[in-house]
Amino acid sequence: HIVKALLEKNYKVVGTVSSEAKGQHLMGLYHNPNFSYEIVPDFIAPNAFSAAFQNNPSTVDVFHTASPASLASTNFEE
């Protein structure tokens, strides 16, 4: 897992999650002072990550590994 590997190398990692509950879940998994998170409820919204970057101005690199998915589709060939 990317986050675990970065934390093991003593990097500071700021994750983005869609809710406080998901952020707290990750905090429980990592138990590492170098891990924190920002809540981004809708990551496909315009400027969705603006606050995360403003709150973490020392950000150097970004690993975006999420992808929008819709499970509401009825035509899976399109």
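## A polar contact at Asn56

Let's start with one side-chain pair: Asn56 and Glu38 make a polar contact through their side chains, at 3.1 Å. The model is a predicted one, and this pair is a handy place to enter it. Asn56 sits in the segment that follows H3. Once neighbours within four places in sequence are set aside, the contacts of Asn56 are Val14 and Glu38.

Is Asn56 buried or exposed? Asn56 counts as buried because its relative accessibility is 15%, and the cut-off for buried is under 20%.

## The chain as a whole

Stepping back, the protein chain holds 3 helices and 2 strands. Read from the N terminus, these elements follow the order α-β-α-β-α. The helices are H1 (2-8), H2 (20-30) and H3 (50-55); the strands are E1 (13-17) and E2 (35-39).

The protein chain has 78 residues, and 21% of them count as buried. Its accessible surface is about 6,400 Å², with carbon and sulfur atoms accounting for 55% of that area. For contacts with a separation of 6 or more, 28% are between residues 24 or more positions apart.

## Phe35 in strand E2

Phe35 belongs to strand E2. With a relative accessible area of 4%, Phe35 falls under the 20% cut-off and is therefore buried. Which residues is Phe35 in contact with, leaving aside its neighbours within four places in sequence? They are Val3, Leu7, Val13, Gly15, Leu26, Met27 and Tyr30.

Val13 deserves a second look here. In sequence, Val13 and Phe35 are 22 residues apart, yet their C-alpha atoms are 4.9 Å apart in space.

## The largest pocket

If you are interested in open space, the largest pocket offers about 1,200 Å³. It is lined by 31 residues, and those closest to its centre are Val13, Val14, Gly15, Thr16 and Phe63. Some of these names have already come up: Val14 is in contact with Asn56, while Val13 and Gly15 are among the contacts of Phe35.

Which element gives the most to the lining of the largest pocket? That is E1, with 5 residues. H1, E1, H2 and H3 each supply at least two residues of this lining. Sorted by class, the lining has 19 nonpolar residues, 9 polar ones and 3 charged ones.

## Two loop residues with positive phi

Backbone angles bring up two more residues. Most residues other than glycine have a negative phi. Asn10 has a positive phi, near 70°, and its place is in the loop between H1 and E1. Asn10 counts as exposed because its relative accessibility of 59% is over the 50% cut-off.

His31 is the other residue to look at, with a positive phi near 40°. His31 lies in the loop between H2 and E2. Where Asn56 is buried, His31 is exposed, with a relative accessible area of 67%.

## Putting it together

A short tour of the model could begin at the Asn56 side chain and its polar contact with Glu38, then move to Phe35 in strand E2 and across to Val13, at 4.9 Å between C-alpha atoms. From Val13, one of the residues closest to the centre of the largest pocket, you can look around the lining, to which E1 gives the most. The loops with Asn10 and His31 round off the visit.

Methods: Residues numbered from 1 in each chain as written. Predicted model: local features only at pLDDT ≥ 70, side-chain atom pairs only at ≥ 80, totals over all residues. Heavy atoms only, no water. 1 Å grid on protein atoms, 1.4 Å probe; cavity = no way out; pocket = protein on both sides within 12 Å on 5 of 7 lines; lining within 4 Å. Points joined across faces, edges and corners; volume = space filled by probe spheres on them. Helix = DSSP H or I, 4+ residues; strand = E, 2+ residues; numbered from the N terminus. Nonpolar A, V, L, I, M, F, W, Y, C, P; charged D, E, K, R; others polar. Buried < 20%, exposed > 50% of the residue type's maximum accessible area, 1.4 Å probe, protein only. Contact = heavy atoms within 4.5 Å. Areas by Shrake-Rupley, 256 points an atom, 1.4 Å probe, with all protein chains shown as cover. Polar contact = N/O pair within 3.5 Å; in protein donor to acceptor, adjacent residues only side chain to side chain.
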